[in-house]
Amino acid sequence: MPELSHRRRLLVLAICCMSLLIVSLDVTALNVALPSMQRDLHATTSGLQWTIDAYTLVLASLLMVSGSTADRVGRRRTFQAGLVLFGVGSLLCGFASSIDLLIAFRVLQAVGGSMLNPVAMSIITNTFTNPRERAQAIGVWGGVVGLSMAVGPVVGGALVDAAGWRFIFWINVPVTVAAVLMTALFVPESRAAVPRRMDPVGQILVVLLLGGLTYGIIEGRTAGWGSPLIIGCFAVCVAAAVTLVYYERRREEPLLEPRFFRSAPFSGATLIAVCGFSALSGFLFLNSLYLQSARGFTALHAGLLTLPMAAMTVVFAPISGWLVGHRGPRVPLVVAGTMLTASGLILSRLGTSTSTGQLLIGYLVFGLGFGMLNAPITNAAVSGMPRSQAGVAAAIASTSRQVGASLGVAIAGTVLTARLVGPLETGFVDAARLCWYIIAGCGALVLILGLITTSAWARRTADALVKTG
């Protein structure tokens, strides 16, 4: 791809961030709408879980193949196709008349979404070739997540209260149309000099692994943890994982590049992404039910209450990118892990009459921690990797995020349902306490992994990978 002017590079960054904004906005706004959707569509708690996890599962399953496809057929072309599919899926979600139809249309949304964020990150990586500029661009990228967290709950709450939850999906349509046009005008086409071949066997194994794990967790309590169905799900998950490792190690151009994991920073970033985004998705899922079902706030009021948390993410994501570019990833990861742990412990003390001040302290601490998290994860994923394979490296990092998001909702919903005594309105606080401790545990893992993967030993493993190509 030819070198672009500074202004053109910033414009490309803005267009790519637009795709991240609509996808992230959709997720954060949807969480605020869950109680309203549950009433209108007569959905169970597991139905609400699948509304979120059907999207994140398909997204996680297809991200890597979308990244390698973009490297082959063209990143701009793949990006535009993803925008179209996401827009059509959003339109259909707004017309869903049952929870089953909504879940099906969310799957279509996810197919399009899988072509957006990892491909956009690959475009950014190939546009910003200077390591320091790239780290700062990634910081802006992380800030967009915070912006969506700020705008999503408020916009979602306003739409739910004023027009209904269906408009949360319909608002995506004009944005995707504008993004398609701007991409055609300003984003140059690029592809890998030596594209990777398709890996259908690896793709099927990834679907079986993630699908079996999530289905088993969500449906385990309803079907029975010892039932043949759930035992079969976990058996398929284990078999798929073992087969995937064996098969990919022997394939010349694997879907999941095993040699990337020789780098401790890369492997650590993958695990940190799973832990950090499990904490985020669990927080969003629980917090929406807490504020609206347990406390009786309106959707808009709930969105406004979480605004300070999102504002902290907006502020600290660019700071995290600057720190990664100038000082390395250790400080952002230590701060992120410490704050996520602290917030989980603070929120575990929530009750039906908790003061607004205590709520805001928990939200502010969580927002600070999550704001520091994204830049070091993404930077570790793409730094030291061949630029020609940026799509695959970025897709693995994005997949880790979505796996974490899927597991966070699955675990939080399952633990909540298992511990719930009586209706959600009266039993939520006691039932959710263990869930908040689990979120604190995710933060502790981020802290520990952050210290390990930024050590001198970890840097040597990354250098060794670069030398061996």
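Asp 430 is exposed, at a relative accessible area of 51%, where exposed means over 50%, buried under 20% and partly exposed in between (1.4 Å probe, protein chains only). Its salt-bridge partner is Arg 433, with 3.3 Å from N to O. This is a predicted model, in which local features need pLDDT of at least 70 and side-chain atom pairs count only at pLDDT 80 or more, while totals for chains, interfaces and linings use all residues. Residues are numbered from 1 along each chain as its sequence is written, and side-chain values use heavy atoms, with hydrogens and water left out.

**Salt bridges**

- The structure holds two salt bridges, each one being a side-chain nitrogen of Lys or Arg within 4 Å of a carboxyl oxygen of Asp or Glu.
- Asp 430 and Arg 433 sit three residues apart in helix H18 (residues 424–453), so about one helical turn separates them. Helices here are DSSP runs (H or I, at least four residues; strands are E, at least two), numbered from the N terminus.
- Arg 433 is partly exposed, with a relative accessible area of 23%.
- The other bridge pairs Arg 251 with Asp 199, and the closest N and O atoms are 3.5 Å apart. Arg 251 is in the loop between helix H10 (228–249) and H11, and Asp 199 is in the loop between helix H8 (172–186) and helix H9 (200–223), so this pair ties together parts that are 52 residues apart in sequence.
- Burial differs across that pair: Asp 199 counts as buried at 4% relative accessibility, whereas Arg 251 counts as partly exposed at 21%.

**Cavities**

- Searching the whole structure turns up six cavities of 30 Å³ or more. A cavity here is a set of points, on a 1 Å grid over the protein atoms alone, where a 1.4 Å probe fits but cannot get out; lining residues have an atom within 4 Å of a point. Grid points are joined across faces, edges and corners, and the volume is the space filled by probe spheres set on the points.
- The largest cavity holds about 460 Å³ of space. It has 31 lining residues, and the closest to its centre are Ser 24, Asn 117, Phe 277, Arg 401 and Gln 402.
- Seven helices give at least two residues each to that lining: H1 (6–41), H2 (45–73), H5 (117–127), H6, H11 (264–294), H16 (374–382) and H17 (390–419).
- By type, the lining of the largest cavity splits into 18 nonpolar, twelve polar and one charged. In this scheme Ala, Val, Leu, Ile, Met, Phe, Trp, Tyr, Cys and Pro are nonpolar, Asp, Glu, Lys and Arg are charged, and the others, Gly among them, are polar.
- The second largest cavity has a volume of about 80 Å³. Its lining takes two or more residues from each of H1, H11 and helix H12 (299–305).
- H11 gives the largest share of that second lining, with four residues. Among the residues lining the second largest cavity are Thr 28, Pro 153, Asn 287 and Thr 306.
- No charged residue lines the second largest cavity; the split is five nonpolar and six polar.

**Nonpolar surface patch**

- Leu 147, Val 151, Val 314, Val 315 and Ile 319 make a nonpolar surface patch of about 330 Å². Patch members have over 30% relative accessible area and no salt bridge, with nonpolar side chains (Val, Leu, Ile, Met, Phe, Trp, Tyr) joined within 5 Å and like charges within 9 Å. Accessible areas come from the Shrake-Rupley method with a 1.4 Å probe, and for residues only the protein chains shown count as cover.
- Helix H6 (131–162) and helix H13 (307–327) each supply at least two residues of the patch, and H13 gives the most, with three.
- Val 314, found in helix H13, is partly exposed, with a relative accessible area of 30%.

**Contacts and backbone**

- Ala 120 lies in helix H5 and is buried, with a relative accessible area of 0%. Ala 120 and Phe 79 are 41 residues apart in sequence, yet 7.1 Å apart in space, C-alpha to C-alpha.
- Arg 76, in helix H3 (residues 75–93), is partly exposed at 25% relative accessible area. Arg 76 and Ala 184 are 108 residues apart in sequence and 7.8 Å apart in space, C-alpha to C-alpha.
- His 42 has a positive phi of about 55° although it is not a glycine. His 42 belongs to the loop between H1 and H2 and is exposed, at 71% relative accessible area.

Definitions and conventions. 1 Å grid on protein atoms, 1.4 Å probe; cavity = no way out; pocket = protein on both sides within 12 Å on 5 of 7 lines; lining within 4 Å.
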